[in-house]
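User: I have a chain open and want a quick walk through it. Can we go residue by residue, then zoom out?
Analyst: Sure, go ahead.

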Amino acid sequence: MPPAARVLTTALLVVALLATDLLSPTLRLPQRDRLIPQEVFGRGLARGLFRFGVEYGSGVRTLVPGAASYMVAGYLVLAHHPWWFTVAVAAAFGFSRSLAILQFVLLGRDGWAQFLSGHSRVLERLGSTVTAVLLLVAVLGG
């Protein structure tokens, strides 16, 4: 695929996924609908948090709440970056998905869970919007 066609395809994919996320009351994209079982944390907190981040961030066992991960995956497939760049993005994504749980464990505030449950769809859409803007800047500016 010529570079100009890749840029256009990536931009259209990002915009379409963002529109899907913003206009849908719930996100209907391919995903697993099972949560990560508690036994993941059975071998210690540090190891459990790492495994949780890997499983949650990769979407192997849990819900994908927003279109951001699909946008990034499409970008990585179409942009032809070196393999280490893709691994770095995947690691950052996995870490970011586990960061909320780490904050909850470290801070231990009860209000955190209530806030999150009341604002989750807004936060998901905000995450997709920020991701879309960053990817469009990367695609159209690069």
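**Helices, core and confidence**

Analyst: Phe 93 sits in helix H4, residues 83–107. Helices are DSSP runs of H or I with at least four residues, strands are E runs of at least two, and both are numbered from the N terminus. This is a predicted model: local features need pLDDT of at least 70, side-chain atom pairs count only at pLDDT 80 or more, and totals for chains, interfaces and linings use all residues. Residues are numbered from 1 along each chain as its sequence is written, and side-chain values use heavy atoms, with hydrogens and water left out.

User: Is Phe 93 buried, exposed or partly exposed?
Analyst: Phe 93 counts as partly exposed because its relative accessibility is 23%. Buried means under 20% relative accessible area, exposed over 50%, and partly exposed in between, with a 1.4 Å probe and protein chains only.

User: How far is Phe 93 from Gly 53 in space?
Analyst: They are 8.8 Å apart, C-alpha to C-alpha. In sequence, 40 residues separate them.

User: Zoom out. How many helices and strands does the chain have?
Analyst: Five helices and zero strands. The order from the N terminus is α-α-α-α-α. Of the 142 residues, 28% count as buried.

User: What share of the contacts is long-range, 24 or more positions apart?
Analyst: 76% of the contacts with a separation of 6 or more. A contact means heavy atoms within 4.5 Å.

User: And what is the average pLDDT?
Analyst: The chain averages 76, and 73% of the residues score at least 70. pLDDT is the predictor's confidence in each residue, from 0 to 100. Among the elements, H1 has the highest mean, 85, and helix H2 (residues 45–58) the lowest, 75.

User: Which residues make up the largest nonpolar core?
Analyst: There are 11 residues: Val 14, Leu 17, Leu 18, Ala 67, Met 71, Val 72, Tyr 75, Leu 76, Ala 132, Leu 135 and Val 139. Helices H1 (3–23), H3 (68–79) and H5 (110–141) each give two or more residues to this core. H3 gives the most, with four. A nonpolar core is a set of buried Ala, Val, Leu, Ile, Met, Phe, Trp, Tyr and Cys residues joined through side-chain atoms within 4.5 Å.

User: What does Met 71 touch?
Analyst: Val 14, Leu 17, Leu 18, Ser 128, Thr 131, Ala 132 and Leu 135, leaving out residues up to four places away in sequence.

User: Ser 128 is on that list. Where is it?
Analyst: Ser 128 is in H5. It counts as buried because its relative accessible area is 1%. Its contacts, with the same sequence neighbors left out, are Leu 18, Asp 21, Gly 66, Ala 67, Ala 68 and Met 71.

User: How do the axes of H1 and H3 cross?
Analyst: At roughly 175°, and the axes come within 9 Å. Axes are lines fitted to C-alpha atoms, for helices over the stretch in contact, and angles run from 0 to 180 degrees between N-to-C directions. H1 and H3 are therefore roughly antiparallel, a label for angles over 145 degrees. Among the residues that meet, H1 brings Arg 6 and Leu 13, and H3 brings Tyr 70 and Leu 78.

User: Last one. What follows H3?
Analyst: His 80, in the loop between H3 and H4. Its phi is near 60°, a positive value in a residue other than glycine. His 80 counts as exposed because its relative accessible area is 56%.

Terms used. Angles under 35 degrees count as roughly parallel, over 145 as roughly antiparallel, 65 to 115 as roughly perpendicular and the rest as oblique.
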